[in-house]
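Thanks for coming. I will walk through one structure today, starting from a single residue and working outwards. Please have the sequence and the model open.

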Amino acid sequence: MTRQSENVVVERKIVLFFDICSSTSILEELNRTENQLLWRNLLIGVKKYLKSKYRKMDFEIYKFIGDGWILLFEPRREGLEILTFIRELSAKFISLYNRQIKDVLTIRIQNIGLTFGMDIGSCIRLIMNQRPEYTGRPLVVAARLQGAIEQRDKRPQNKMLISNNLYATFSDRRSIEEKFKITPVQRNLKNIFGGENYECKKIKLSRKAIAN
C-alpha cells in the first residue's frame, strides 16, 4: 500500500533486518591469518543468493549494513513463504561459511549463523543522493528486535524475533506453527516507545542439520 501527500510517499512494508553472528571475531581471525578475501567472498555469496530470490519473493534488497542486510517485503497475508525463505537463507549462510571459512580458522567460533528481526508498518520513502531511502518506526523496531535476540539466549544464531503486530497479519499462522517453533517472549527494546517490556514472538529457524 502506497500513500502520497504533498510529495511525501508513505509505503507499508514488511522490514527484515538480519546480521551475521560473531562477525567481529571471524573478521579479526581472518585478518590475523591474512585471509581477509574469504570474508569478502562470503558476503558476495550471500548477496548473490539474495539477488537470485528477490523477484520470486517480491522483496527489495534495501541496504547492506556492514555484516548484514535490510530487506523490504511487500505486505502479504501468507507468512509461511517468507519464513521458509528465511530458513533457507540461514542454511545457505551455514553452507557458505563451512565451505569458505571454517577450515582456515585457528580458533573455535561459538555462535555461527544469522539473527533476524522483522516488523511491519508505514515507511516514508524519500530520495537522498539520487537513491531511494526509507525511514519509519518499523525499520527501528526490526533493528531492535534483531539486536535483542541475545537477551536471555546464549545461542542466538538462526533465530528471529518478530513483532506480534506483524505475526497477527498472517492468515496462515496454523501452518507456520506446524513447521516452526514459535515462543511468546518479552524483550527490552532500547529507545522504542513502550519497548521496556515488548511482547513479541521468537522463531527458531534451524533444522536439526543446523546448529541450534
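**Starting from Ile101**

Setting aside the residues up to four places away in sequence, Ile101 makes contact with Ile26, Leu30, Leu38, Trp39, Leu42 and Leu96. Before going on, a caution: what you see is a predicted model.

Where does Ile101 sit? Ile101 is in the loop between H3 and strand S5, which covers residues 114-128. Is Ile101 buried or exposed? Its relative accessible area is 0%, so Ile101 is buried. There is also Asn35, which is 66 residues from Ile101 along the chain, with 8.8 Å between the two C-alpha atoms.

Two of the partners of Ile101, Ile26 and Leu30, bring us to the next element.

**Helix H1**

Helix H1 runs over residues 23-32, and its buried residues are Ser23, Ile26, Glu29 and Leu30. Why do these line one face of the helix? Looking down the axis of H1, the buried residues fall within an arc of 135 degrees, and therefore they line one face. The face turned away from that buried side carries Thr24, Glu28 and Arg32, which are exposed.

What covers the buried residues of H1? The cover includes strand S2 (8-20), helix H2 (36-57) and helix H3 (80-100). Just after H1 comes Glu34, with a positive phi of about 60 degrees.

**H1 against H2**

Now the helix pairs. Two packed helices are described by the angle between their axes and the distance between the axes.

For H1 and H2, the axes come within 7 Å and cross at roughly 140 degrees. The two helices are therefore oblique to each other. On the H1 side the contact is made by Ser23, Ile26, Leu27, Leu30 and Asn31, and on the H2 side by Gln36, Leu38 and Trp39. Sorted by class, this contact has five nonpolar residues, three polar and no charged ones.

**H2 against H3**

How do H2 and H3 lie relative to each other? Their axes come within 10 Å, with a crossing angle of roughly 155 degrees. The cut-off for roughly antiparallel is an angle over 145 degrees, and so H2 is roughly antiparallel to H3. The crossing of H2 past H3 is right-handed.

H2 contributes Leu38, Asn41, Leu42, Gly45, Val46, Tyr49, Leu50, Lys53 and Met57 to this contact. From H3 come Glu81, Ile82, Phe85, Glu88, Leu89, Lys92, Phe93, Leu96, Tyr97 and Gln100. By class, the residues of the contact divide into 12 nonpolar, three polar and four charged. Leu38 and Leu42 of H2 and Leu96 of H3 take part here, and they are also among the partners of Ile101.

**Two more buried residues**

Ser90 is in helix H3. At 0% relative accessibility, Ser90 counts as buried. Which residues does Ser90 touch, leaving out those up to four places away in sequence? They are Leu114, Phe116, Asn158 and Leu205.

Leu139 is in helix H4, residues 137-148. The cut-off for buried is under 20%, so Leu139 qualifies at 10% relative accessibility. Not counting neighbours within four places in sequence, Leu139 contacts Val15, Phe17, Tyr62, Ile70, Leu72, Cys123 and Tyr134. Leu139 and Glu60 are 79 residues apart in sequence, and their C-alpha atoms are 14 Å apart.

**The exposed side of things**

Arg174 belongs to helix H6, residues 173-179. Is Arg174 buried or exposed? With 69% relative accessibility, Arg174 counts as exposed. From Arg174 to Asp103 is 71 residues in sequence and 41 Å in space, C-alpha to C-alpha.

Lastly, two loop residues. Gln130 is in the loop between S5 and strand S6 (131-135). Gln130 is not a glycine, yet its phi is positive, about 65 degrees. Its relative accessibility is 79%, so Gln130 counts as exposed.

Asn191 is in the loop between strand S8 (181-187) and strand S9 (198-204). Asn191 also is not a glycine, and its phi is positive at about 60 degrees. Asn191 is exposed, with a relative accessible area of 74%.

To go back to the start: Ile101 is buried, at 0%, in the loop between H3 and S5, and its partners include Ile26 and Trp39. Both of those also take part in the contact of H1 with H2.

Technical notes:
Residues numbered from 1 in each chain as written. Predicted model: local features only at pLDDT ≥ 70, side-chain atom pairs only at ≥ 80, totals over all residues. Heavy atoms only, no water. Buried < 20%, exposed > 50% of the residue type's maximum accessible area, 1.4 Å probe, protein only. Helix = DSSP H or I, 4+ residues; strand = E, 2+ residues; numbered from the N terminus. Arc of directions from axis to C-beta. Contact = heavy atoms within 4.5 Å. Axes fitted to C-alpha atoms, helices over the stretch in contact; angles between N-to-C directions. Parallel < 35°, antiparallel > 145°, perpendicular 65-115°, else oblique. Left-handed = near helix turned anticlockwise from the far one by under 90°. Nonpolar A, V, L, I, M, F, W, Y, C, P; charged D, E, K, R; others polar.
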